[in-house]
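This report goes through a few local features of one structure. Sequence and coordinates come first.

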Amino acid sequence: MSESTGPISGPIGFVGLGNMGAPMCECLARAGHALRLFDIDSDRRLQVAQATGGTAVDSLAELPGGCQLVITMLPDSPVVEAAVLGNADSPGLISGLEPGAVVVDMSSSAPLRTVALGDKLAEHGIALVDAPVSGGVPRARTGKLAIMAGGDPAQVARVRPVLEAMGSLLEAGPLGAGHAAKALNNFVSAAGLAAACEAVNIAKRFGIEGQRMTDILNASTGRNNSTENKLAQYILNHDYGSGFALSLMAKDLGTASDLAAELGLDTPTLETSVKLWNQARAQLPADADHTEIARLSEPKEG
């Protein structure tokens, strides 16, 4: 059955109510959207339902009831696939979605796995759009995320009004292009953060105060998102509370590396970044914030 291209109506389903998903739902609620909510943490889904006026549901199969659009905000492709497709013991979203519905995966998923999932959904007349985000928890709260969309243009147009309640929509290309763009963006972000941390730590060892070096970077050509929004805010004060896990950054770098390998490209800077972030993931606590990459190059006492 062919996919619908009509406007989205009815409640919006949302799966994944973590650090990013919860404030994104609050933005949707402020824009007037009714929500049906699911998270594996039952307390979490009740909290978000109370904050948004949405309806918490007890299973993925139950979530799509009355929804033409379901959004997923989950850790990675395997979790997204399990949520959408389910299995004999635990039915997924697909068991409750009607032909003509659209799933928007706002997770940081693997591009080629996204394409394969889109093919499976299309067999049931369901469209898939990938729309990962950049901006972190602060911009999720304010509804100013950068949203990178991949998919059929007609389907992207259907979901645009909903997505724009959470940020600015940037059309990346065909299905999977959003996830590719997100992984590549995070590669550039991760490399910039690591370089900024190393520069500040070298400066401190030489005798330049950390905030002074940060100010110099921000007035000079070394300025980047990390120097402007992470050094003083989360690193120099040892707060390390940006809300984005180091393990997720390392995962996104792996996604970018896998994509480059699949395309037959030699990417030495990317491979160096993958090695560095995997080293950090191995050495730091499992729940480390990504800004804790600074710990790897901190001057050692003595």
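The text below covers a run of strands and helices, and then the salt bridges.

**Strands and crossovers**

The model is predicted. Strand E1 (residues 12-15) runs parallel to strand E2, and the two pair over four bridges. One of the residue pairs involved is Ile12 with its bridge partner Leu35 in E2. Together with helix H1, the strands E1 and E2 form a β-α-β unit that is right-handed.

E2 also pairs with strand E3, again in the parallel sense, here over two bridges. Leu37 has Ala56 of E3 as its bridge partner. Between E2 and E3 the chain passes through helix H2, and this β-α-β crossover is right-handed.

In a regular strand, side chains alternate between the two faces of the sheet. Both faces of E2 are covered. Leu35 and Leu37 are buried on one side, and Arg36 and Phe38 are buried on the other.

**Helix H1**

How many of the residues of H1 are buried? The count is seven of 10, so the helix is mostly covered, where buried means under 20% relative accessible area. The buried residues are Gly21, Ala22, Pro23, Met24, Cys25, Cys27 and Leu28. After H1 comes Gly32, which has a positive phi near 95°.

**Helix H2**

H2 spans residues 42-52, and its buried residues are Arg45, Val48, Ala49 and Thr52. Viewed down the helix axis, these buried residues lie within an arc of 105°, so they line one face of H2. The face turned away from that buried side carries Asp43, Leu46, Gln50 and Ala51, which are exposed.

What do the buried residues of H2 pack against? Their partners are helix H1 (21-30), strand E2 (35-38) and strand E3 (55-56). The buried side of H2 therefore faces elements already described, being one face of the helix that packs against H1, E2 and E3.

Both ends of H2 have a local feature. At its start, a side-chain oxygen of Asp41 comes within 3.0 Å of the backbone nitrogen of Asp43. Just after H2, Gly53 adopts a positive phi of about 75°.

**Salt bridges**

The structure holds seven salt bridges. Three of them are listed here, with the distance between the closest N and O atoms.

| Acidic residue | Basic residue | Closest N and O atoms |
|---|---|---|
| Glu81 | Arg113 | 2.6 Å |
| Asp252 | Lys251 | 3.0 Å |
| Glu292 | Arg295 | 2.8 Å |

The salt bridge between Glu81 and Arg113 links distant parts of the chain, with 32 residues separating the two in sequence numbering. Glu81 belongs to helix H3 (residues 77-85) and Arg113 to helix H4 (residues 111-122). Arg113 has a relative accessible area of 39%, so it counts as partly exposed.

Is the pair of Lys251 and Asp252 buried or exposed? Both residues are buried.

In the pair of Glu292 and Arg295, burial has been computed for each partner. Glu292 counts as buried because its relative accessibility is 11%, under the 20% cut-off. Arg295, with a relative accessible area of 33%, is partly exposed, as this value lies between the 20% and 50% limits.

Elsewhere, Arg160, Glu164 and Glu171 are joined into one network by salt bridges that share partners.

Terms used
Residues numbered from 1 in each chain as written. Predicted model: local features only at pLDDT ≥ 70, side-chain atom pairs only at ≥ 80, totals over all residues. Heavy atoms only, no water. Buried < 20%, exposed > 50% of the residue type's maximum accessible area, 1.4 Å probe, protein only. Arc of directions from axis to C-beta. Contact = heavy atoms within 4.5 Å. Polar contact = N/O pair within 3.5 Å; in protein donor to acceptor, adjacent residues only side chain to side chain. Salt bridge = Lys/Arg side-chain N within 4 Å of Asp/Glu carboxyl O. Pairing = 2+ DSSP bridges. Right-handed = clockwise from strand over helix to strand, strands pointing away.
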